[in-house]
Each structure stands twice: as C-alpha cells, then as structure tokens.
Amino acid sequence: MPRTVFLLNGPNLNLLGTREPEIYGHETLGDIETMCANRAAEHGLALDFRQSNHEGEIVTWIQEARLAADGLIINPAAYTHTSVAIQDALRMFEGPVIELHLSNTHKREAFRHHSFVSPVATGVIMGFGPRGYALALDAMATLLMEAD
Ligand code: DHK
C-alpha cells in the first residue's frame, strides 16, 4: 500500500498566478498541483491535494486525515496567523506535519510573524516559492521512510 499524504491549501491560494505575483509567483495552483503529483509519484506516495477558503472545511479535512493519511503538508495561508481551531485539529494528527509557505513570512508584515501552526508542526518550509511544495514532498517522503 502506498503511503498517503494530504496537501492542504488555505484561503486565497486558489488565485495563485494572478494574486500578488511579485510575492507568490506566476504559477497557478493547478500548475503546482501537477508538479506535486509528479513529485509524489517519484516518491511512491499517494497524494490528496486540496484547497479551501473556509477554516471549518480545513479543520474537517485535518480530522479526516487522522484516518486517511500518513503525513500532512499544510499551507494554511492567512489562517496560519489566526487559527486556534487548525492548531487544535493538527494536535490530534499522529503523523508528521509540514507547515509550508510560499513566501518567507518573517520578511513581511509583523502580523505574519506569528504562526499558530509552527508549535505543532514537525518542520516548516518557507520562502522558496512554488519550489517549496516539492521540497515539502521530499522531506515528507524521508520522514515517512524513517518512520518505517
Ligand atoms: C500565504 C498567505 O495567503 C498569507 O496569508 C501568509 C502564505 C503567507 C504563503 O506565503 O504561502 O501570510
């Protein structure tokens, strides 16, 4: 059975490509999903890639991941800086959790410096643009192999 990785994307990431490209790059979320599908396949991982603009839906997906996923990669977008509910849901997930951001949030506005997700993440990848998604899958493949 291949290991399954959920890759969850938060609000406004559906507009990648046109949304502040000087910060988030020119690739669309569809481009990134295709790249991730290829990378996951190279690692023999089954990938479930999703995006939502709704906090509660993301919480529900994290709860679903407890039964359906071996590892979780999440770009919570703006919810990174606000969501106790997402932190609480992640606390109940037993596998590795990678927090992912396109931009280096520490180089940006002060309100982006705090993350509710980092305290419950195995590791954080940020500042590498869309390439960070491939890096996160590489890291997750290693973590899941080590856990075998
Ligand atoms: C994406 C967002 O939408 C912002 O709200 C975060 C994150 C940063 C990113 O860099 O991927 O502050």
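**A buried serine and its surroundings in a predicted model**

Serine 83 is buried, with a relative accessible area of 0%. The coordinates discussed here come from a predicted model, and this serine is a convenient place to enter it. Serine 83 sits in the loop between E3 and H4. Apart from neighbours within four places in sequence, serine 83 is in contact with Glu55 and Phe116. A further distance helps to place this residue: the C-alpha atoms of serine 83 and valine 59 are separated by 9.8 Å, with their positions 24 residues apart along the chain.

From this residue, the view can be widened to the whole fold. The protein chain has five helices and five strands. Read from the N terminus on, these elements follow the order β-α-α-β-α-β-α-β-β-α. The radius of gyration is 14 Å, close to the 15 Å that the globule rule gives for 148 residues, so the protein chain is as compact as a globular protein of that length. Along the principal axes, the C-alpha atoms fill a box of roughly 40 × 30 × 25 Å.

How much of the protein chain counts as buried? The share is 48% of the 148 residues. Among contacts with a separation of 6 or more, 76% are made by residues 24 or more positions apart. The accessible surface of the protein chain comes to about 7,300 Å², and carbon and sulfur atoms hold 53% of that area. As for charge, the protein chain carries 10 positive and 18 negative charges, and the mean positions of the two sets are 5 Å apart.

Helix H4, which spans residues 84-91, gives a good picture of how one element is packed. Which residues of H4 are buried? They are Ile86, Gln87, Ala89 and Leu90. These four cover an arc of only 165° around the axis, which puts them on the same side of H4. The pattern can be read against helix geometry in general: an α-helix has 3.6 residues a turn, so residues three or four places apart point the same way. The cover over the buried residues of H4 includes helix H3 (55-68), strand E3 (71-75) and strand E4 (97-101).

Valine 120 brings another part of the chain to this helix. Valine 120 lies in the loop between E4 and strand E5 (123-126). Is valine 120 buried or exposed? With a relative accessible area of 18%, valine 120 is buried, as the cut-off for that class is under 20%. Not counting residues up to four places away in sequence, valine 120 touches Gln87, Leu90, Arg91 and Val97. Of these partners, Gln87 and Leu90 are also listed among the buried residues of H4. Between valine 120 and isoleucine 98, which are 22 residues apart along the chain, the C-alpha separation is 9.3 Å.

Helix H3, part of the cover over H4, offers two glutamates for inspection. Glutamate 64 is placed in helix H3, and this residue is partly exposed, with a relative accessible area of 35%. Leaving aside neighbours within four places in sequence, glutamate 64 is in contact with Phe6 and Arg50. Glutamate 64 and phenylalanine 93 are 29 residues apart in sequence, and their C-alpha atoms are 9.5 Å apart in space. Glutamate 57 also belongs to helix H3. Its relative accessible area is 35%, so glutamate 57 counts as partly exposed. For glutamate 57 and histidine 26, a sequence separation of 31 residues goes with a distance of 27 Å in space, C-alpha to C-alpha.

Backbone geometry adds a last point of interest, in the loop between strand E1 (4-9) and helix H1 (21-24). Most residues other than glycine have a negative phi. Against that background, asparagine 12 has a positive phi of about 75° although it is not a glycine. Asparagine 12 lies in the loop just named, and a relative accessible area of 37% makes this residue partly exposed. Where is glutamate 20 found? Glutamate 20 is in the loop between E1 and H1. Glutamate 20, too, has a positive phi, about 35°, without being a glycine. Its relative accessibility is 36%, so glutamate 20 counts as partly exposed.

Definitions and conventions
Residues numbered from 1 in each chain as written. Predicted model: local features only at pLDDT ≥ 70, side-chain atom pairs only at ≥ 80, totals over all residues. Heavy atoms only, no water. Rg over C-alpha atoms; globule rule 2.2 N^0.38 Å. Buried < 20%, exposed > 50% of the residue type's maximum accessible area, 1.4 Å probe, protein only. Contact = heavy atoms within 4.5 Å. Areas by Shrake-Rupley, 256 points an atom, 1.4 Å probe, with all protein chains shown as cover. Lys, Arg positive; Asp, Glu negative; His and termini not counted. Charge placed at Lys NZ, Arg CZ, Asp CG, Glu CD. Arc of directions from axis to C-beta.
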